[in-house]
Amino acid sequence: MCTVAVSIDPSAEIPLILVGVRDEFIDRPWVPPGEYWPGLIGGRDLQAGGTWLAVDPAARRIGALLNGHGVLAPERTRRSRGDLPLRAAAGERIPETDLVHYDPFHLLSADLGGVRLWHWDGIALKRDDLPRGTHMIVNSGWERGEENERVAFFRPLFAKAHRPSELDGDWKDWRETATGAGLPSEDPRTMIVRHELPDGRIFGSLSVTLLALAPGGIHYEFTGDPRDPEAFDRVPVE
């Protein structure tokens with residue numbers, strides 16, 4: 001997953017809204033969200049067995065992963081990062097002593113009590129607690145300025161998107177922004193990407209997740225057609 005947008009407003013009827021765009025090689029096999037792990041729901045990466053985003057409906061908690069930049073783990077002891085969102089969604093502590101086995105990452109854990117973001121660059125682990133507002137995390141981390149073209153374009157769009165007062169409310173603004181707001185894939189600001197590499201492989205956006213947490217429940221939508229705002233399906237959570 002290469003982009004996460006999160007909107008935090010503790011005073012709202014829906015205190016937390018999260019959008020996650022997963023970017024990956026298009027031939028890497030995966031399946032849409034389901035309860036593939038007891039009590040946890042998420043899409044499943046069939047190559048490594050983990051996930052990029054997981055939800056614990058009972059705890060109203062989300063775990064989301066983005067690849068980071070830094071020092072890679074030794075190849076002979078490298079572990080898949082796909083277990084980290086599962087740990088975060090389950091409320092487990094980050095395994096600090098084992099982090100040397102993971103390539104760099106950004107790991108988000110979000111619930112009604114707040115949003116926590118860990119950064120591992122292969123050397124040191126850092127944590128941020130996200131305040132009220134609209135935030136975006138990309139592969140370079142939590143981008144707070146305007147230097148990143150994608151963030152500079154999309155953060156204001158997410159910030160002004162209509163915030164429903166009910167979980168079954170109108171999510172049109174969020175769907176349209178989450179699927180790229182009509183920008184073409186070659187636009188440097190785009191959030192829905194497609195890159196054809198010299199070796200013939202294609203790297204691109206494979207799916208989009210839209211999640212909302214409220215005291216009364218969870219709203220969970222998913223699409224494997226990341227440019228179509230009409231293609232979202234509801235994911236059963238309870």
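The exercises below work through cores, salt bridges, strands and a helix in a predicted model.

Residues are numbered from 1 along each chain as its sequence is written. In this predicted model, local features need pLDDT of at least 70, side-chain atom pairs count only at pLDDT 80 or more, and totals for chains, interfaces and linings use all residues, while side-chain values use heavy atoms and leave out hydrogens and water.

**Exercise 1. Find the residues with the most contacts inside the largest nonpolar core, and the elements that give two or more residues to this core.**

Step 1. Fix the terms. A nonpolar core is a set of buried Ala, Val, Leu, Ile, Met, Phe, Trp, Tyr and Cys residues joined through side-chain atoms within 4.5 Å. Buried means under 20% relative accessible area, exposed over 50%, and partly exposed in between (1.4 Å probe, protein chains only). Helices (H or I, at least four residues) and strands (E, at least two) are DSSP runs, numbered from the N terminus.

Step 2. Take the core. The largest one has 26 residues. Leu53, Ile62, Leu108, Ile137 and Tyr220 have the most contacts inside it.

Step 3. Map it to elements. Two or more residues come from each of S1 (3–8), S2 (16–25), S5 (53–56), S6 (61–67), S7 (105–111), S8 (114–120), S13 (202–214) and S14 (217–223).

Step 4. Look for another core. One of 23 residues lies apart from the largest. Met136, Val138, Phe158 and Ala161 are among its members.

Step 5. Zoom in on Ile62. Contact means heavy atoms within 4.5 Å. Beyond four places in sequence, the contacts of Ile62 include Leu16, Leu18, Leu53, Val55, Ala89, Leu108 and Leu211.

**Exercise 2. For the salt bridges of Asp111, Arg78 and Glu221, give the partner and the closest N and O distance.**

Step 1. State the criterion: a side-chain nitrogen of Lys or Arg within 4 Å of a carboxyl oxygen of Asp or Glu. Side chains of opposite charge can pair when their charged atoms come close. The structure holds 14 salt bridges.

Step 2. Asp111 pairs with Arg61, at 3.8 Å between the closest N and O atoms. Asp111 sits in S7 and Arg61 in S6, 50 residues apart. Both residues are buried.

Step 3. Arg78 pairs with Asp103, at 3.1 Å. Arg78 is in the loop between S6 and helix H1 (84–89), and Asp103 is in the loop between H1 and S7, 25 residues away. Arg78 has a relative accessible area of 37%, so Arg78 is partly exposed. Asp103 is at 10%, so Asp103 counts as buried.

Step 4. Glu221 pairs with Arg175, at 2.8 Å. Glu221 belongs to S14 and Arg175 to helix H3 (residues 172–178), 46 residues apart. Glu221 is buried at 2%. Arg175 is partly exposed at 23%.

Step 5. Check for a network. Salt bridges link Glu24, Arg28 and Asp45.

**Exercise 3. Describe S14: how many of its residues are buried, and which strands pair with it?**

Step 1. Count burial. Seven of the seven residues of S14 are buried.

Step 2. Split the directions. Gly217, His219, Glu221 and Thr223 point one way. Ile218, Tyr220 and Phe222 point the other way.

Step 3. Pair the strands (DSSP must find at least two bridges between them). S13 and S14 run antiparallel, joined by seven bridges. They form a hairpin with two residues between them. Ala214 stands opposite Gly217.

Step 4. Add the other pairing. S14 also pairs with S15 (residues 233–234), antiparallel, over two bridges. There, Phe222 has Asp233 as its bridge partner.

**Exercise 4. Which residues of helix H2 (residues 149–160) are buried, and why do they count as lying on the same side?**

Step 1. List them: Arg150, Val151, Phe154, Arg155 and Phe158.

Step 2. Use the arc, taken from the directions from the helix axis to the C-beta atoms. The buried residues cover an arc of only 115 degrees, so they lie on the same side of H2.

Step 3. Find the cover. It includes S1, S2, S10 (133–138) and H3.

Step 4. Inspect the N-terminal end. Asn148 caps H2, with a side-chain oxygen 3.0 Å from the backbone nitrogen of Arg150.

**Exercise 5. Is Phe203 buried or partly exposed, and which residues does it touch?**

Step 1. Place Phe203: it is in S13.

Step 2. Read its accessibility. The relative accessible area is 21%, so Phe203 is partly exposed.

Step 3. List its contacts. Beyond four places in sequence, Phe203 touches Cys2, Asp23, Glu24, Phe25, Val193, Arg194 and His195.

Step 4. Compare chain and space. Phe203 and Ile26 are 177 residues apart along the chain, with their C-alpha atoms separated by 5.9 Å.

Notes. Polar contact = N/O pair within 3.5 Å; in protein donor to acceptor, adjacent residues only side chain to side chain.
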